[in-house]
Structure formats: C-alpha cells, structure tokens
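Here's a walk through one structure, starting from a single residue and working outwards. Have the coordinates open as you read.

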Amino acid sequence: MIHPVPVPGHEGTYVDGLRLALFEEMERDPNVIVLGEDVGVYGGAFRVTEGLLTRFGPSRVLDTPLAEEAIVGAAVGAAIRGLRPVAEMQFMDFISRGFDILTNFAARNRYRTGIGVPIVVRGPSGGGVHGGPFHSQNPEMYFVHTPGLKVVAPATAADARGLLKAAIRDDDPVIFFEHKFLYRRAKEVLPEGDGLVPIGKAAVRREGTDVTVLTYGSGVWIALSAAERLAKEGIDIEVVDLRTLRPLDEETILASVRRTSKCICLHEDTRTGGLGAELSALLAEKAFEFLDGPVLRVTAPDTSVPFAPSLEEAFLPNANTLIRAVRKLTAY
Amino acid sequence: MDMESRRESARALFQSMVLIRAFEERAAAAQAEGKAPGTCTSVGQEASAAGVVKALSSNDLILTNHRSAGHLLARGADPGRMMAEVLGKATGYCKGKSGTLHISVKELGVILTSTIVGGELSLATGVGLSVSMQGSDAVVACFFGDGAACEGIFHESLNLASLWNLPVLYVCENNQWQAFVHRKETMLADHISPRAASYGMDGVTVDGNDVEAVNEAARVAIAKIRETRKPFLLETYTYRTRGHYEPDDQTYVDPEELASWKARDPIASYKKKLLAAGTVSEADLAAIQREVETTIDGAFLFASESPYPAAEELLTDVYA
Ligand SMILES: Cc1ncc(C[n+]2csc(CCOP(=O)(O)OP(=O)(O)O)c2C)c(N)n1
Ligand SMILES: [Mg+2]
C-alpha cells in the first residue's frame with residue numbers, strides 16, 4: 001500500500017513535506033530525476049520517495065546498488081547535460097563516499113568550465129534516535145566550507161517542502177541536510193500554493209528582545225522550548241532559524257543581533273569548526289560595536305555520537321544546556 | 001578424521017550456529033518488547049559464520065560488517081558482553097559507546113566491525129600488509145556482503161591485496177539482499193567469486209547453508225593462503241531470512257523465495273544430516289540446545305542488570 005500523496009492545505013509531517021516537494025517538482029519538470037539506494041521499489045529507507053516509482057516510472061526513479069561515489073558522480077554528469085538529479089544518501093553519514101565528487105567536481109565545475117551543476121544531494125542526518133556513531137552524524141560543515149556548494153537544513157515540515165523545491169530549481173549544487181529526529185515529529189499545515197522557500201533566507205521563529213539564538217535543524221525546536229521556559233523567568237529570547245547554512249542570511253542575522261546585542265549559536269553538530277565558529281567570526285567582524293557580551297556556543301562536544309542512551313543524552317544539546325547559557329549571557 | 005574428532009567438530013559447528021541463532025533471536029525479541037534498540041541479525045546465515053570462523057586459528061584476525069554477531073560469537077566472544085553492547089551498557093565490549101552494529105573485540109582479533117559498508121575491505125589491506133611485514137603466518141579474514149561488493153572500495157582493495165600478495169581471506173556473504181533491495185536488482189551476475197579471476201586471485205563459491213561445506217572450503221582456502229601468502233575470495237551463497245534490521249515486516253520479500261530458503265535452514269539441515277549419519281544423538285543435540293538457552297538467559301540478565309555508561313565516558317577515548 002502506497003500512502004496517498006500529501007496535499008497542500010492539509011497537515012503533513014516533515015517527511016510529507018519532502019515527499020510532496022518531490023512529487024510537485026517531478027510533475028513540473030521532466031528533467032527532475034531521483035536516484036539512490038532503495039529509493040524506487042522500496043520507497044526509501046525513511047519512505048521519503050514512496051510512490052515516486054509508480055507515478056514517474058523507472059527511467060526517472062532509479063534504484064542503485066550501494067555505490068555512493070557512483071550515485072553522486074552520475075548525478076553530476078547528468079546535471080551537466082541538463083537533468084536535475086536528486087540523489088539520496090540513505091544516511092548523510094555515508095556522504096563521505098561522495099565527498100570527492102562533491103568538493104572537486106560539483107563545487108568547482110561552474111568556476112572551471114562555466115557549466116553549472118544543478119544537483120541536490122539529500123538525506124537524513126542528526127541524532128536522538130539511538131543510531132550510534134555511524135547513523136547520527138551532522139556532517140554539514142565539510143560542505144559549508146566548500147565554495148560553490150550551497151547547504152540547506154530545514155527545521156519544519158513546510159520548510160522541508162519549500163526548501164527542497166527551491167533546491168531542485170537552483171542552478172547550483174545543494175546539499176540538503178534533513179533531520180531524522182524531526183521526520184515524523186515536526187508537523188504542520190503545509191501551505192497552499194507552491195510553498196517555495198527561498199534559499200539564503202533565514203526565518204525569525206520567535207521574536208524576542210534579550211538574546212538572539214542562531215540555530216537550525218533540531219536546534220530550532222530546542223530553542224523554542226527553552227524560550228517558553230525562559231519567558232516565565234522574564235527572559236525574552238529571539239529564535240532565528242537559519243534554514244540555509246551557506247550562503248548565510250547575513251542581513252537577518254545582523255539585524256537580530258543588533259537589536260538584542262547578545263547572541264548564542266546553537267547546533268547539534270560538534271563544537272570545533274562548527275557553524276557557531278563561523279557565525280561568531282561574522283558577528284565579530286560586522287556587529288562588534290553592537291555586542292553587549294561574548295558570543296556563546298551551545299553545541300555537541302568534540303567527540304563521536306555515542307550509542308549508549310545515557311551518553312547520547314549527554315552529547316546532544318538540549319533546552320537545559322541552552323537555558324544555562326542564556327542565563328549566563330543575560331547576567332553579563 | 002576419526003569418529004571422535006568428527007563428532008567433536010560436528011558438535012562445535014552445531015553449537016556455534018545454535019548460539020548465534022539464540023543470541024540474535026533474543027536481541028530481536030527484546031527489540032519487539034521495547035527492551036532494546038533495533039539491531040541487525042544474520043538469521044539463516046549461521047553456517048557461513050560458524051563454518052569460516054571455526055576454520056581460523058587463534059592468531060588469525062577478523063574484520064567484519066554490521067551483520068557480525070555470528071562472527072564474534074563463533075570466535076568465542078562472551079554473549080553477555082555482546083548483549084550489553086547491544087543494550088548500550090557500560091559492560092559492553094565497546095563500553096556501550098559503539099553499539100549493536102559495531103562490536104569489535106580486539107582481544108579476540110576481531111579488530112574492526114564497520115557499518116560504513118565496505119570499510120572493512122579497505123582496512124583489511126593494511127591489516128594484511130602488517131601481517132606480511134611482521135613475518136607472521138596469520139591470515140586475515142574479511143567478511144562483507146554482496147552489497148559491499150558493489151562499492152568501488154571492493155575493487156580497489158582486492159586489486160591491491162593481490163598486487164601486494166597479502167594473506168587475506170575475503171569472505172563475501174552473498175545473502176541475496178542489500179538492505180531492502182534484492183541482489184538481482186543491483187548486479188547482473190549471480191555470483192561474486194568469478195570476479196577474483198580479474199585480480200589474478202582464486203575465487204570459489206560454496207553453499208553457504210551447509211556448515212560442513214563452508215568449513216571445508218574455508219580450510220582449503222586458508223591452507224592455500226598460508227602456503228602462497230596470496231589473497232583468496234570465498235563466496236558463501238546464502239539467504240537472510242529475517243529483515244534487514246529489527247523491526248522489518250519484510251513485505252518487500254517474495255514469500256516463495258523466502259519459504260524455499262527457510263526450508264534449507266542451516267541449523268535444521270545440519271541436525272537432520274548429523275542424526276541420519278548417526279554422528280551425534282538426538283539427546284546430545286538437545287543438551288547443546290538447552291545449554292545455549294541457559295547461556296543466553298544469563299547473557300541477557302547480565303546485560304539488563306549492567307549500568308549505562310557514566311556521563312564522563314562521553315569525552316574519553318577521543319584521543320590517546
Ligand atoms: C556506505 C554505506 N552505504 C549505505 C549504507 C546503508 N546500509 C547498511 S547495510 C546495507 C545493505 C548492505 O548489504 P550487504 O553488503 O549485502 O550486507 P548485508 O546487509 O546483506 O549483510 C545498506 C544499504 C551503509 N551503512 N553504508
Ligand atoms: Mg547482502
């Protein structure tokens with residue numbers, strides 16, 4: 001049994017949002033193809049591509065063997081010839097096998113040859129589901145560091161849809177980090193209409209006056225739940241969902257921090273060289289005179305994602321760790 | 001082999017398969033009861049693990065993949081410490097940090113369990129190189145799946161091992177499945193072993209559900225590696241009768257195909273064969289079965305009662 005295709009104007013999960021985006025874009029543009037492990041007959045390990053094969057047929061929905069380098073390479077080659085491939089990594093932990101193709105070929109092709117590479121490489125990242133060290137990682141920063149790549153990380157169901165559609169339409173390579181913990185937990189009414197969400201535009205999820213929290217993915221939900229608790233103490237935090245990690249929406253980030261004068265960078269990725277480091281540098285360069293305290297980072301520690309529930313809980317940032325940092329900063 | 005050593009060997013192979021089955025079924029049941037996280041099992045493939053591992057010597061080394069409980073148990077790993085790792089407990093072989101799919105036991109020479117499919121193929125080359133350079137007569141057994149054989153790393157590794165004359169026994173457990181996709185959908189050849197020829201390597205396919213056949217093929221291959229110091233590709237042709245992962249409803253599996261392989265269950269077949277030949281008695285086998293059940297009960301109890309790792313463990317072992 002194939003689940004019905006999600007409908008705009010109705011409630012849908014994060015997975016529904018992704019699935020709807022694929023249906024809509026494949027319907028709209030015959031050049032859009034989907035390839036990856038288990039994406040066809042099975043409908044994807046997390047059911048994101050369910051029903052695509054039946055609707056669009058095996059020439060546009062391609063099951064592949066285990067061969068991540070070949071999957072990403074085939075996507076790049078097809079994109080150079082005008083197709084718009086969406087390649088799935090069963091878990092983003094395995095994107096390492098496609099690293100060479102992404103950083104040496106996809107990212108640099110336009111610069112070297114004038115030919116763009118409109119691919120999307122998407123898949124689940126993140127922890128919280130006891131996946132252990134190889135099914136829980138957040139490898140976004142390898143790609144944020146690479147000029148020529150765009151990196152997107154939606155936090156909501158509507159954004160999962162809208163950003164995936166924008167990524168497919170984008171003329172450059174987009175690495176699309178979904179968060180598996182949110183797959184079935186984040187849900188909302190998916191907007192009527194095309195629901196496009198532009199790449200490079202952050203969203204202020206909660207307005208506040210005391211501290212700006214810059215975050216993305218699972219961090220958005222952590223920040224919103226912390227915000228409710230902090231409000232009871234009279235602390236009013238602003239939550240900025242970055243949505244796109246490269247290119248950053250500097251305008252929204254700087255406008256928020258100039259207003260609140262205090263900033264915490266929150267992410268599930270590990271600390272050193274995480275996005276928080278880049279954001280801190282940005283603020284030091286462009287908002288120094290507005291800051292009333294140090295830019296703080298709330299992140300996972302510099303270690304592997306542990307399997308044991310007790311350790312994973314200690315590993316992942318949560319509302320408590322964020323609240324402690326907010327209190328420290330407001331007292332500054 | 002005289003009758004008594006034949007009997008001993010049969011008992012050991014049977015016991016090993018039964019232990020693997022009981023361990024994995026317990027882990028799967030615990031998952032279903034909400035007492036354990038999901039896990040991979042190798043139910044239906046026990047003859048491959050037991051047959052090959054029992055042909056190795058104690059100084060031989062093993063690298064394996066996510067479907068590795070059989071390799072570990074056949075090697076003599078403690079079911080209690082394994083179950084503790086499955087449950088993420090501090091007493092697990094990797095202190096609960098690595099988890100159910102990644103149990104390595106360095107003291108038993110099981111030096112890598114890779115869940116990044118095919119990683120073991122890559123590292124086995126270096127392990128083989130170290131063995132060669134140290135002048136040891138050890139053999140390196142590297143277990144991987146038919147899916148891993150689709151990854152580029154397979155070609156790079158086997159070519160290099162052949163070029164460098166490394167003592168690696170590559171064991172491809174061709175269980176017909178690669179997660180949720182049938183092998184027939186990902187490759188046009190039925191067998192992996194013929195690929196060995198293109199590397200100038202010997203390759204053999206054996207009935208992976210016949211534990212004695214696997215054991216014999218592995219002995220021959222290992223003897224050849226010890227003598228020639230060249231790699232060898234052994235394909236055990238078998239079937240994954242449970243899902244890819246627990247839970248998995250297997251709705252994507254052809255029921256007829258599944259039934260035909262279940263009818264060739266390696267444990268039931270071996271039992272029948274042993275009884276028919278009179279090698280061991282029904283009572284003998286029943287006693288083994290009972291012992292194994294007690295062992296697994298104890299293992300589960302030990303694991304359940306063990307503590308979770310303390311938060312301080314989060315930051316240990318990142319660096320020397
Ligand atoms: C590099 C990589 N790609 C994909 C996966 C997801 N995955 C885990 S096991 C598996 C199937 C592996 O098939 P095979 O090698 O035949 O081993 P089997 O599971 O059948 O024992 C897949 C696709 C992974 N773990 N690593
Ligand atoms: Mg397989």
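How exposed is A:Val41, given its C-beta neighbours? In this predicted model, A:Val41 has 15 C-beta neighbours inside 10 Å, so it counts as partly exposed. You'll find A:Val41 in the loop between β2 (32-36) and α2 (52-56) of chain A. Leaving aside residues up to four places away in sequence, A:Val41 touches A:Leu53 and A:Asp63, plus B:Val181 and B:Tyr252. A:Val41 and A:Leu62 sit 21 residues apart in sequence, with 9.2 Å between their C-alpha atoms.

On to the contact between the chains. Chain A puts in 26 residues and chain B puts in 31 residues. On the chain A side, helix α11 (residues 309-315) gives the most, with five residues. By class, that side of chain A splits into 17 nonpolar, four polar and five charged residues.

Then there's the ligand. Ligand 1 has 20 residues around it, and the closest are B:Val117, B:Gly145, B:Gly147, B:Gln178 and B:Ala179. The surrounding residues come from chains A and B, so the site is shared between chains. The shell around ligand 1 is made up of seven nonpolar, seven polar and six charged residues.

Now for the strands, beginning with β7 of chain A. Strand β7(A) covers residues 174-179, and six of its six residues are buried. In a regular strand the side chains alternate between the two faces of the sheet. Here A:Val174, A:Phe176 and A:Glu178 point one way from β7(A), while A:Ile175, A:Phe177 and A:His179 point the other way. The chain reaches β7(A) from β6(A) by way of helix α7 (residues 157-169) of chain A, in a right-handed β-α-β crossover.

Here are some parallel strand pairs to look up:

| Strand pair | Sense | Bridges |
|---|---|---|
| β5 (residues 120-125) of chain A and β7(A) | parallel | six bridges |
| β6 (residues 150-152) of chain A and β7(A) | parallel | three bridges |
| β13 (residues 263-270) of chain A and β14(A) | parallel | five bridges |
| β3 (residues 140-145) of chain B and β4 (residues 168-174) of chain B | parallel | six bridges |

For individual partners, A:Arg122 stands opposite A:Phe176 in β7(A), and A:Val151 has A:Ile175 of β7(A) as its bridge partner. Likewise, A:Cys265 is bridged to A:Arg297 in β14(A).

Chain A also has an open sheet of five strands, ordered β9-β11-β10-β13-β14, with mixed pairing. Its edges are β9 (203-206) and β14 (296-300) of chain A, each with a single partner strand, so one side of each is left without a neighbour in the sheet. From one strand to the next, the twist averages 25°. Helix α8 (residues 218-232) of chain A lies across β9, β10 (211-215), β11 (237-241) and β13 of chain A, and runs at about 170° to β11(A).

Over in chain B, six strands form an open sheet in the order β2-β1-β3-β4-β8-β7, and the pairing is parallel. At the edges stand β2 (110-114) and β7 (202-207) of chain B, each with a single partner strand, so one side of each is left without a neighbour in the sheet. Neighbouring strands of this chain B sheet are turned by 15° against each other on average, direction ignored. Helix α5 (residues 119-133) of chain B packs on the sheet, touching β1 (61-65), β2, β3 and β4 of chain B, and its direction makes about 170° with that of β3(B). Within the sheet, B:Phe143 stands opposite B:Val171 in β4(B).

Note on methods:
Residues numbered from 1 in each chain as written. Chains lettered and ligands numbered in written order. Predicted model: local features only at pLDDT ≥ 70, side-chain atom pairs only at ≥ 80, totals over all residues. Near = placed C-beta within 6 Å. Nonpolar A, V, L, I, M, F, W, Y, C, P; charged D, E, K, R; others polar. Pairing = 2+ DSSP bridges. Helix = DSSP H or I, 4+ residues; strand = E, 2+ residues; numbered from the N terminus. Axes fitted to C-alpha atoms, helices over the stretch in contact; angles between N-to-C directions. Contact = placed C-beta atoms within 7 Å. Buried ≥ 20, exposed ≤ 12 C-beta atoms within 10 Å, placed from the backbone. Right-handed = clockwise from strand over helix to strand, strands pointing away.
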